[in-house]
Amino acid sequence: LEEGTTYEFTVSAVQGGYLPFTQSVTGPVGDLTVDFGLQVEEIFCEAPGYALVDHWTENFDSVTVPALPANWMSQDVIGYPDPWVTGNTVNLGNGYPAHSGSNFAKFSSNSGIARLRPAVPVDMTALPNHHLTFWMFQDGGYPNQPEALRVMVSADNGQTWAQAGTEFNYYGSSTGWFKQVVDLSAYASQTSLLFGFESSISYSSISRRLYVDTISLSATCEA
């Protein structure tokens, strides 16, 4: 480095799970050692030695298929849809098991939309963070089919609902379970928040299929 000249370094970890770090360094007169402290990426929490610790979670393994847990419900949104239920095998190819445990929640209907939601609102002020994470199954066989899942929230006990974050495609380039994240920090001050999962497509010539598992709200990344 040229003495007196300021350089900007961006450092990324060879091992995944850390955030890139940028720091300015001025060329010294002599030798110089600089330590770059990388921060753990806390939402997906994939750094070695770290794991997500759940504070509010549901994996649908406490019931016998096709029942939903008592603290969850299927709510009709449009038309006359078949309800959300639990299952243990995604009927695609040779079949795919749940992401974790034995069960997952699923929706399959071509006659309307139903919303999967907790029966009781959540006090967001009591949680250490406000990230909603879940695993969603994706079918890589039909990348151009219009089917997606969206997360909806209600701050007035279900009277009105608004979409939170982006939509998540069911059809894509790969097949399997994928982790998704929605930032609910805009609702951090809500003491009674409902959230739910629903199809974003109001009409389709093929049956809508959505699969959700391992829902977690406010998980923290801990060593």
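Select N157 to start: this residue sits in the loop between β12 and β13. You are looking at a predicted model, so treat the tour as a walk through a prediction. Check the backbone here, and you'll find phi of N157 near 60 degrees, a positive value in a residue other than glycine. Is N157 buried or exposed? With 53% relative accessibility, N157 counts as exposed.

Now jump to T214 for another positive phi, this one near 50 degrees and again in a residue other than glycine. T214 is part of strand β16. Its relative accessible area is 17%, so T214 counts as buried. As background for both stops, most residues other than glycine have a negative phi, and most peptide bonds are trans.

That last point leads to the next selection, V65 and P66. The peptide bond from V65 to P66 is cis, and its omega is near 15 degrees. You'll find P66 in the loop between β4 (57–58) and β5 (72–79).

Time to go inside. Select W84, L132, F134, L149, F195, F197 and I215: within the largest nonpolar core, which has 36 residues, these have the most contacts. Now color the strands that feed this core. β9 (104–109), β10 (112–118), β11 (131–138) and β12 (148–154) are among those that each supply at least two residues, and so are β13 (162–169), β14 (176–183), β15 (194–199) and β16 (208–217). Which strand gives the largest share of this core? That would be β16, with five residues. In general terms, nonpolar side chains tend to be buried together in soluble globular proteins.

Keep F195 selected and show what surrounds it. Leaving aside neighbours within four places in sequence, F195 is in contact with W56, W72, L116, R117, P118 and V122, among others. The list for F195 also includes L132, M152, V153, W161, I215 and L217.

Finally, zoom out to the whole chain. In cartoon view you should see zero helices and 17 strands. Along its principal axes, the C-alpha trace spans about 75 × 40 × 30 Å. The radius of gyration is 22 Å, whereas a compact globule of 223 residues would have one near 17 Å. Of the contacts with a separation of 6 or more, 72% come from residues 24 or more positions apart.

Switch to a surface: about 11600 Å² is accessible, and 48% of that belongs to carbon and sulfur atoms. Of the 223 residues, 39% count as buried. For a last look, color by charge: the chain has 7 positive and 22 negative charges, and their mean positions are 19 Å apart.

Terms used. Residues numbered from 1 in each chain as written. Predicted model: local features only at pLDDT ≥ 70, side-chain atom pairs only at ≥ 80, totals over all residues. Heavy atoms only, no water. Helix = DSSP H or I, 4+ residues; strand = E, 2+ residues; numbered from the N terminus. Rg over C-alpha atoms; globule rule 2.2 N^0.38 Å. Buried < 20%, exposed > 50% of the residue type's maximum accessible area, 1.4 Å probe, protein only. Contact = heavy atoms within 4.5 Å. Areas by Shrake-Rupley, 256 points an atom, 1.4 Å probe, with all protein chains shown as cover. Lys, Arg positive; Asp, Glu negative; His and termini not counted. Charge placed at Lys NZ, Arg CZ, Asp CG, Glu CD. Core = buried A, V, L, I, M, F, W, Y, C linked by side-chain atoms within 4.5 Å.
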